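User: Please take a close look at one part of this model, the packing of its interior, and then set that part against the rest of the chain. I would like one connected account, with each cut-off spelled out where it is used.

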Amino acid sequence: MIKTEKILHLKSCRGRKVRVVREHYLRETVPCYSSLCQADCENDGKVLPGDLTHYVVPDVGVVVDFLEILEFRELQGIVFTQTACQAVQRKGRRQYNRLRHLLKDPRHDCVLFANEFQEYSYCEREKGESQERWQTRCVYSAAVWYHNHLAGMIDVLMITDDQEAIAQYSSLNSGVYVISVQDFLQNFWPDLQAAHDLYSSISQALQEKEGESSQREFSEHLPAEVLEAGIKSGRYITGTLNISKHRAQNEASIMTEALSNKNKDLSWGVLVFGVKNRNRAVHGDVVVVELLPKSEWRGKVTALSEGQGEEKSGEETESQPMPTGRVVGILQRNWRDYVVTFPPRDGTQSQSRNSQRILAVPWDHRIPKIRISTQQADALQDHRVVVRIDSWESTSLYPNGHSVRVLGRAGELETEVQTILIENCIHVPPFSDAQLRDMPVNSPEKPWTMDPAQVAERRDLRETHLVFSIDPQGCEDVDDTLSIRSIAGGKLLELGVHIADVTHFVTEGSLTDLEARTRATTYYLADRRYDMLPAVLSADLCSLLGGVDRYAMSVLWELDAETLAVTKVWYGRTIIRSSFQLHYELAQALLNGEPAEVPELEKLTSEEKDAKLGQLMQALEMLTHVARHLRAQRDRGGALELEGVEVRAQLDEERNITALVPRQPLEVHETVAECMIYANHWVARKIQEAFPHQALLRCHPHPREEFFSQLVESATAGGFTIDTRTNKALADSLDRAVDPQDPLVNRLLRMMATTAMSQALYFSTGLLAQDQFYHYGLALDRYTHFTSPIRRYADIVVHRLLTAAIAMDTGAEPGKTLSGHKELDEMALHINNKNRAAKRAQKLSVELFQCLFFKERNPQTDLCCVANAAIYAIRDNGVLVFVPEYGVKAPVYLKNREGQVVSAGQDGSCEWQSGSVRRHSDHISTSCICGTSTFRLFEHITVRISVHTTNFHADSLHLEIISNKPHSSAEPQQPRSQGRSQLVQAVVRLAEEASLQAQEREARGSKLSREEREYRQSKSPNLYSLLEEVRELALMDLERTAQVCATTA
Ligand SMILES: [Zn+2]
């Protein structure tokens, strides 16, 4: 090792230049991470492949400015030098984290070379040499070292945007080439259009940056040390900026947990009013806020706001003044990729043609307009484009950004679906070849067979147990099966739940595992699905199909035949062969004693048939008996039966929705769900006992009492009493709150209860005290997810924990691979975030299809657009209603911007008149010359549904009251598509069949663990697979973004 000195010129935090001399040690061997290495480098971990034509060494400027291009997975063999990494680190944490992620991610072919520690690649800085020159020389020297170290077996390409460097180095060494980024892309990646676009957009943004104005629009952020001292002393408050969805122009608030603990005053957060006070903070940033004097505090607006994002001024009712502050600094930028729309360019905007600077409008109302420099402004009009924000200077009213890629024309289905994915940070590229190479093969030429070693190790249930599955019709990914039999001469019952053994195929740390972990869940949109695992697993080898041998993870309970008390539980790996692949309707028909054809029995003689059918019937009956008992047990503990709105979309061959239909429950759904809840509960117990500090469980916290206020108020108005003190009390009082005249009342109350719920969350047992493990909705002391490893990553983690726990029972050491507490905690956070994103995306896609359904119809003439609606909440200027026919929840305004109010005539028909509106707790009334009209909670009214379109954002439904009487129409449930061509009729027939398959039970407290079942599975989407299920999740009150949706399983 050689010692030398390294001289650095750094800037102190006050801006002074400091010269730092550091001791620097050089080594002869520094790993090269190339598979071509002949020098026995210690190349652990990621290694560059040898079968490339060249390696790429980007210089400092390229890494700092064009890192996004280097992130393309197509680009292989990239060597990042230590010199470049340090430069990025100095530039800022956000950029540096990106680079670190890239280097860590095994799906990217790139490595880090510690060039400054390598004796032969290190160059000392020369006297008078500028930092930039020296860095370029270091990177070039590293490139030359690679070429020599790998004995000239591979060419090395240094890429730089420094013309001087190209002139100086390009012909110095053969085999080491120095070219510009643009030449690199043109010569080696001519077809990678996305990279070319990104290059020109970034270079454009860089050029524009040089000529910025200097007039200040915002106050400067305070220096980091001032912020830190202020936070410590309590003068400043820190938290995440949350901009109001409906009043994005003015209202934002800060909410932190620390905040609510310290100061009661602040438990509802701090309001940040107006753009100036927001001081360049973007929704999601972690900010530092200074409170304004009390005289400047204000309240939040409580009226419904029409047309999202468009603010109206003037008379608005505000809540009580609350602590109000202004942003003085930003601790962490949480910028993501944003979808924006390029405005039409014919407007009078002062965007000069030369500068090509466009103010693009983000799809998310909460994000400010972003200034983009582009040469394609005309081509991009009315297109949705993905952009990234680069900076937001105090001299600029808007942040600067650059475009990343074009999604397509606004309003087109594909564009809108991609927009929904990007806005929720959902990245689901097709599985790569490298990932698929990891996978086992199962083809007619090369059928998959069981490994004899596995057969020897596993408990074989193929001969002893009658195993069967119950799923929606056409389901391909069967991840759970059941068995039940009488043992010990009838004294005991043995119940079995057998789950696909996914972790046998997905080893921890493999490419498939990493991809599944990143996705965390399968994503279900209204018309499509993005799988968490490749199809060979999800639809084949992990799918517990009928008549084939499969690996499973099983839980077997021995229950007392009389009392059904558990006498013994067994957990372990098994081999099963499912005898019957039933669907819900078939199983229910068998249970009801209705005639039904079981396909598995078709070919048997009638004698054999009767015997087998008898066995199956007996099993189904036993299962129902046990499940009823389990359900009753949970009911006594206070399990909640909640209400979700479920509708199914029927689509025709052009993806037009022909109907939106609510669906029906069956008891057998509940039976299966109850068994799954039981398995999840017992696995939770097992892993929590084995790993008290590092088990992944799922809790459902007690709801906050104040969130029930709307439910309690509404119920009181309807003459009911809702007791929210415990889940048992709530469940009982909800059961009693029934209006015999109107079944919808109970449903609305359950919907409100759902809205008030907290979210169920994954957590690591090391993080919470045991009394916080409780699952409120299911009334269980411990719960986890074990039964759907094909589509939830949490279940994969739980399977690994269970495997380790079983191994410990036989005396083995807990495996080293087991995640530590901190790691598991991060994992839980990640999965929770992804689940939230999946839900939001699903909800948005349902709304998209709802809008598509109504968009093509004329609201004035099409009868589909007129529907019955029930009022479930009163607001200052209108009411919130629920339309059961379409599962739509939306506001109905009783007062418009012109000051007119809705007035109902004798026959109920409504018209706009000038007048005033008055809100009461259980009703709202309008007065005008014609008299007073009153609209009460739970009353049914008739609404006309139309679509509100703005090119910049998602379309939304607009509901207008046309009568204060219920809508009395013909049966609206029939798909209205008669009289079309033969093909269309065939599709409608299939749609009706699909509707039979998919009648899923309503949101009983338990159903959520199996809700995704309804999505029929298919490897390649065909015409009929579009006839899929959608589930309405729009259970949110308008302003409660914090709670999102309640999930109780
Ligand atoms: Zn080497």
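Analyst: In the largest nonpolar core of this predicted model, which has 85 residues, the members that touch the most other members are Phe468, Ile470, Leu495, Trp557, Leu582, Leu696 and Phe786. Helix α19, residues 667-690, gives the most to this core, with 10 residues. A nonpolar core here is a set of buried Ala, Val, Leu, Ile, Met, Phe, Trp, Tyr and Cys residues joined through side-chain atoms within 4.5 Å, and buried means under 20% relative accessible area, with exposed over 50% and partly exposed in between (1.4 Å probe, protein chains only). Helices (H or I, at least four residues) and strands (E, at least two) are DSSP runs numbered from the N terminus.

As the model is predicted, local features need pLDDT of at least 70 and side-chain atom pairs count only at pLDDT 80 or more, whereas totals for chains, interfaces and linings use all residues. Residues are numbered from 1 along each chain as its sequence is written, and side-chain values use heavy atoms, with hydrogens and water left out.

Tryptophan 557 is one of the core members named above, and its surroundings can be listed in full. Once its neighbours within four places in sequence are set aside, tryptophan 557 is in contact (heavy atoms within 4.5 Å) with Leu493, Glu494, Leu495, Gly496 and Val497, with Val566, Lys568 and Val569, and with Tyr678, Ala679 and Trp682. Apart from this core lies another, of 66 residues, which includes Ile78, Val176, Ala195 and Val404.

Helix packing can be followed further along the chain. In helix α21, residues 727-736, the residues Asn727, Ala729, Leu730, Ala731, Ser733 and Leu734 are buried, and the buried residues of α21 pack against α18, α20 (709-717) and α22 (743-756). Helix α18 spans residues 606-637 and contains glutamine 618, which is partly exposed because its relative accessible area is 48%. Glutamine 618 and isoleucine 484 are separated by 134 residues in sequence but by 9.2 Å in space, taken C-alpha to C-alpha.

For the chain as a whole, 55% of the 1049 residues count as buried. Among contacts with a separation of 6 or more, 69% are accounted for by residues 24 or more positions apart. The secondary structure comes to 25 helices and 39 strands.

A zinc ion offers a separate example of linkage across the sequence. Its protein donors are Cys32 (SG), Cys37 (SG), Cys41 (SG) and His149 (NE2), which lie 2.0 to 2.3 Å from the ion; donors are N, O and S atoms within 2.8 Å of the metal (3.2 Å for Na, K and Ca), and sites may look incomplete because water is not among the atoms. The arrangement is tetrahedral because the four donor atoms subtend angles of 102 to 115° around the zinc ion, the criterion for four donors being that all angles lie between 85 and 135 degrees. The donor residues follow the spacing C-x4-C-x3-C-x107-H, and distant parts of the chain are linked by cysteine 41, in the loop between β2 (17-26) and β3 (54-58), and histidine 149, in helix α4 (residues 131-149), 108 residues apart. Cysteine 41 counts as buried because its relative accessibility is 16%, and histidine 149 counts as buried because its value is 17%.

Among the strands, β13-β14-β15-β17-β16 is the order in which five close into a barrel with mixed pairing, where two strands pair if DSSP finds at least two bridges between them. The twist in this barrel averages 55° from one strand to the next. Strand β14 (residues 357-362) pairs with strand β15 (residues 370-373) in the antiparallel sense over four bridges, and isoleucine 358 has isoleucine 372 as its bridge partner in β15. Helix α11 (residues 413-423) packs on the sheet and touches β13 (338-341), β16 (383-391) and β17 (400-409), its direction making about 140° with that of β17; axes are lines fitted to C-alpha atoms, for helices over the stretch in contact, and angles run from 0 to 180 degrees between N-to-C directions.

Another set of four strands forms an open antiparallel sheet in the order β34-β35-β36-β37. Its edge strands are β34 (900-904) and β37 (931-936), each of which pairs on one side only, and the twist averages 50° from one strand to the next. Six bridges join β36 (residues 923-928) to β37 in the antiparallel sense, with isoleucine 924 partnered by phenylalanine 935 in β37.

Technical notes. Four donors count as tetrahedral if all angles lie between 85 and 135 degrees; four count as square planar and six as octahedral if opposite donors are over 155 degrees apart and all others between 65 and 115; anything else is irregular.
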